[in-house]
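Visitor: I am new to reading protein structures, and I would like a close look at a single part. Could you pick one strand and walk me through what surrounds it?

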Amino acid sequence: MPTAIAVTSADLVLPPTDPGTPRAAVLPPPAGRPLDASIADVQQLLARYGHVVVVCPTSAPAAVENRLHAVRSLLESDRIALVRTDLPPLGAAVLVRQLCLLAGYDFSPGVLASAARLLAHYIYAGAVLGSVSRLDRVPVGLGTHLKSWLPGAHFAVLAGPTPQMVRVGSGEEALAGPEFATELLLARGRLQTDWPTTTLVPRWRIPGPVQETPLPASSPDWWGTGKLVEFAAYLPDPAVLHQLVSSVRRETCHWCGMDLIGDRCGFCGAPLTVPEAGGTRGTGSYAGVQEAGSYAGAYTSAQEAGSYTDAQGTVSYAGARGTAPRAVDPRTTDPRRALPPADTGTAPADAHAPGPAVPHPTRALGPGAHTPRALP
């Protein structure tokens, strides 16, 4: 029985890439909706799927998050995960579609919930804006603010994985793009520009046609203007996504017992504890399984072999140019600090050195501690 993926807005639901991919369930916003109805919605998902992973952007109104915590507290269920993401609306929608795709595989609910943080590192989400005067989610310098008042000034902004901003025009600085094969998704607002297709696609060496989708209703508020074209570059191949998540070492949450990857449980929010001296398990995070090799090695192998075999059969993958995504150092969640690929045969000397002890949480109901039975 696959894990249910739920979202807090219909804007986060993109058309599936294939008919076999399950769609995310939409939980209606709490405005004008009684608490009993919200509880009934989640109960139906639990009865059908067993576990529910709810993706809620950090930009969502506080009432949305409060309602989710109230529902989970009143149900007294440890089978509901609340996943927060800082990605802009189109990037968050891509993340949700990837989670829906992975939900059809044999991943446990805990791995699926904690995989959201990993997948977000491989989504390059940004926009071309007609003005940055009201943009407050990406650092904007004073000089850039002043330039945004010039007639015809456009800015290319990358929100993640590393924020960056350049002014569109002659001699512009290039946005830092992915070093692996991606596809590009566009959502057009009121800004008339072809910069993503004429400039960004060749610079990032994106093959194939560019896909387009309607602009999410929350995008103008997120970016501070309706004069924009939002874009997101992402890993499109199901085999690569499956291998990316599979190659990460799995741990067991010391608080709720769920499987996890990374340094924090996706269900209860408890941090991963450091093992006792002499233990055989590492500190987790996105450092691929040592015995199986890192994702970087698996990505290179897929390029050379041209296919990847999983439980559902052989899935063809035409490798592209560029350097493979890197497995992240287990001592940090920063993807820029990475272990060398598995096929090099080398690793940092202190890769398994124990870190500082993590205090035991007093009560973890989700990402952070929350009082039980709290009403919204």
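**A close look at strand 5**

Guide: Strand 5 is covered on both of its faces: on one side Tyr124, Gly126 and Val128 are buried, and on the other side Ala125, Ala127 and Leu129 are buried too. Please keep in mind that this is a predicted model. Counting along the strand, six of its six residues are buried, so strand 5 is mostly covered.

Let us start with the sheet around this strand. Strands of a sheet pair through backbone hydrogen bonds, and they can do so in a parallel or an antiparallel way. Here, six strands make up an open sheet with mixed pairing, in the order 7-6-5-10-8-9. Read that order and you will find strand 5 between strand 6 and strand 10. The edges belong to strand 7 and strand 9 (211–212), each of which pairs on one side only.

Now look at the two neighbours in turn. Strand 10 runs antiparallel to strand 5, and six bridges join the two. Along this pairing, Leu129 stands opposite Leu228 of strand 10. Strand 6 (residues 155–160) is also antiparallel to strand 5, with five bridges between them. On that side, Leu129 stands opposite Phe155 in strand 6. Going one step further out, strand 6 is joined to strand 7 by four bridges, and these two run antiparallel as well. One residue to find there is Val157, whose bridge partner in strand 7 is Met165.

Next come the helices. Helix 3 (residues 89–103) packs on the sheet and touches strand 5, strand 8 and strand 10 (228–234). The direction of helix 3 makes about 30° with that of strand 10. Helix 6 (residues 195–204) lies across strand 5, strand 6, strand 8 and strand 10. Relative to strand 8, helix 6 runs at about 160°.

Let us finish with Tyr124 and its ring. A pair of aromatic rings is described by two things, the distance of the centres and the angle of the planes. The ring of Tyr124 and the ring of Phe180 have centres 6.2 Å apart and planes at 65°; because planes over 60 degrees apart count as edge-to-face, that is what this pair is called. Where do the two residues of this pair, Tyr124 and Phe180, lie? Tyr124 lies in strand 5 (residues 124–129), while Phe180 is in the loop between strand 7 (164–167) and strand 8 (183–188). The pair therefore ties together parts that are 56 residues apart in sequence.

Are these two residues, Tyr124 and Phe180, buried or exposed? Tyr124 has a relative accessibility of 13%, so this residue counts as buried. Phe180 is buried as well, with a relative accessible area of 4%. Both values are under 20%, which is why both residues get that label.

The ring of Tyr124 belongs to a wider group, too. Ring pairs link Tyr122, Tyr124, Phe180, Trp204 and Phe231 into a cluster. Over the whole structure, there are six aromatic pairs. As you turn the model, you can look for Tyr124 in strand 5, and then for the other members of the cluster, including Trp204 and Phe231.

Definitions and conventions:
Residues are numbered from 1 along each chain as its sequence is written. This is a predicted model: local features need pLDDT of at least 70, side-chain atom pairs count only at pLDDT 80 or more; totals for chains, interfaces and linings use all residues. Side-chain values use heavy atoms; hydrogens and water are left out. Rings of Phe, Tyr and Trp (its six-membered ring) pair if their centres lie within 6.5 Å; planes under 30 degrees apart count as stacked, over 60 as edge-to-face and the rest as tilted. Buried means under 20% relative accessible area, exposed over 50%, partly exposed in between (1.4 Å probe, protein chains only). Two strands pair if DSSP finds at least two bridges between them. Contact means heavy atoms within 4.5 Å. Axes are lines fitted to C-alpha atoms, for helices over the stretch in contact, and angles run from 0 to 180 degrees between N-to-C directions.
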